[in-house]
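This report goes through one structure, heading by heading. It begins with a term used later on.

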Protein chains: 2
Amino acid sequence: MTKVKDTLREHDLRNTSCREDVLAILTQNNAALSHGEIERELDNRFDRVTIYRTLKTFVDKGIIHKVLDEEGLRYAVCKDQCSGSRHHHDHLHFKCTVCGLTNCIENITIPPIQLPAGYKSIETNLLIQGVCPLCNSDN
Amino acid sequence: MTKVKDTLREHDLRNTSCREDVLAILTQNNAALSHGEIERELDNRFDRVTIYRTLKTFVDKGIIHKVLDEEGLRYAVCKDQCSGSRHHHDHLHFKCTVCGLTNCIENITIPPIQLPAGYKSIETNLLIQGVCPLCNSDN
DNA sequence: CCAATATTTGCATCCCTGTTGCACTTAGCG
DNA sequence: CGCTAAGTGCAACAGGGATGCAAATATTGG
């Protein structure tokens with residue numbers, strides 16, 4: 001919990017209970033969470049708009065990143081590689097079609113893609129859908 | 001335009017003016033379009049809900065596919081590789097951060113990703129953001 | 001520890017997307 | 001041409017995202 005406060009301080013953000021709680025929830029959670037899921041976890045203790053603005057602030061500061069799938073937008077904390085000023089922009093996410101959870105896959109680098117001439121790549125975002133180890137009966 | 005009618009017929013869809021027009025717009029357009037953009041192009045000649053249902057039908061039939069970026073959902077027609085029953089699920093999309101257009105990149109296959117043990121991949125979706133040839137002043 | 005100030009929050013309000021139910025219309029068939 | 005299943009429009013709702021403004025609060029300097 002002190003870690004949460006530190007993270008906020010490091011990014012020049014005032015230490016408020018909404019920010020603390022949102023960041024704590026995202027940190028404790030492995031899977032990416034949607035705005036609505038976070039709102040429910042907070043048990044309506046904060047206004048919808050406040051949570052929305054909190055998430056936006058965190059994204060802007062590089063504390064969390066957006067995760068996209070066909071059902072919408074989710075948020076997850078950036079792992080070690082993103083800490084500090086070296087926020088990297090290549091994310092690999094895995095969405096399990098059975099349990100519905102979306103997770104960041106660490107330790108796997110996305111192989112470089114050879115784009116046609118003239119294209120300049122800035123950020124790469126890879127979403128793989130399939131079955132996660134916990135839901136995979138083939139084990 | 002006959003081609004549009006044929007496509008509908010091939011997929012056991014009745015030939016209605018809304019479907020014709022939506023499919024024609026998507027076919028003529030290189031970039032992926034959002035629901036709202038399609039609605040505007042149709043000049044309010046069809047109900048919002050009808051367009052929504054038309055798009056859903058096309059996605060279900062494999063005529064078009066969803067394209068995701070951080071701004072939301074767009075739709076684009078499936079190219080040759082997707083035709084008929086052999087609808088493939090690996091898509092590479094490029095979103096230009098200058099002009100804002102999102103396009104499918106054809107002829108480039110996504111290199112296979114070695115996932116950790118237990119993960120089973122079904123569908124891969126790659127979004128690369130950057131600058132497209134038309135907006136790239138380095139040429 | 002307190003006051004000043006700049007930030008953050010809650011509320012009201014708005015717009016857009018996605019979705020469903022139901023009645024009406026129409027395409028495509030015999 | 002008429003039937004029937006499919007498609008459409010309308011009403012209505014839920015949810016996400018966004019902004020303006022007044023009230024509350026965290027930080028800073030005294």
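## Residue classes

Residues are sorted here into three classes: Ala, Val, Leu, Ile, Met, Phe, Trp, Tyr, Cys and Pro count as nonpolar, Asp, Glu, Lys and Arg as charged, and the others, Gly among them, as polar. The model described below is a predicted one.

## Chain A

Four helices and five strands are found in chain A. Along the sequence they are arranged as α-α-α-α-β-β-β-β-β, with the helices written before the strands.

The C-alpha atoms of chain A occupy a box of roughly 45 × 40 × 25 Å along the principal axes. Of the 139 residues in chain A, 45% are buried. Among the contacts of chain A with a separation of 6 or more, 54% are between residues 24 or more positions apart. The exposed area of chain A is about 7,900 Å², and 46% of that comes from carbon and sulfur atoms.

## How the two chains are related

A turn of 180 degrees with a shift of 0.0 Å along the axis lays chain B on chain A, with an RMSD of 0.1 Å. This is the relation of a two-fold axis. In chain B, the C-alpha nearest the axis belongs to B:L126, at 2.2 Å from it.

The interface residues of chain B are, to 100%, also interface residues in chain A, so the copies meet through the same surface.

## The largest cavity

Searching the whole structure gives two cavities of 30 Å³ or more. The largest cavity has a volume of about 100 Å³. Its lining consists of A:L68, A:H93, A:N125, A:L127, B:L68, B:N125, B:L126 and B:L127. B:L126, part of this lining, is also the residue of chain B whose C-alpha is nearest the axis.

Which strands each supply at least two residues of the lining? They are β5 (120–131) of chain A and β5 (120–131) of chain B. The most comes from β5(B), which gives three residues. Sorted by class, the lining of the largest cavity has five nonpolar and three polar residues, and no charged ones.

## The second largest cavity

The second largest cavity holds about 40 Å³ of space. It is lined by B:L26, B:N29, B:N30, B:A76, B:V77, B:K79 and B:C104. By class, four residues of this lining are nonpolar, two are polar and one is charged. The charged residue is B:K79, because Lys counts as charged.

How values were computed: Residues are numbered from 1 along each chain as its sequence is written. Chains are lettered from A and ligands numbered from 1 in the order in which they are written. This is a predicted model: local features need pLDDT of at least 70, side-chain atom pairs count only at pLDDT 80 or more; totals for chains, interfaces and linings use all residues. Side-chain values use heavy atoms; hydrogens and water are left out. On a 1 Å grid over the protein atoms alone, a cavity is a set of points where a 1.4 Å probe fits but cannot get out, and a pocket is an open set with protein on both sides within 12 Å along at least five of seven lines; lining residues have an atom within 4 Å of a point. Grid points are joined across faces, edges and corners, and a volume is the space filled by probe spheres set on the points. Buried means under 20% relative accessible area, exposed over 50%, partly exposed in between (1.4 Å probe, protein chains only). Contact means heavy atoms within 4.5 Å. Accessible areas come from the Shrake-Rupley method with a 1.4 Å probe; for residues, only the protein chains shown count as cover. Copies are superposed by least squares on the C-alpha atoms of residues with pLDDT of at least 70 in both.
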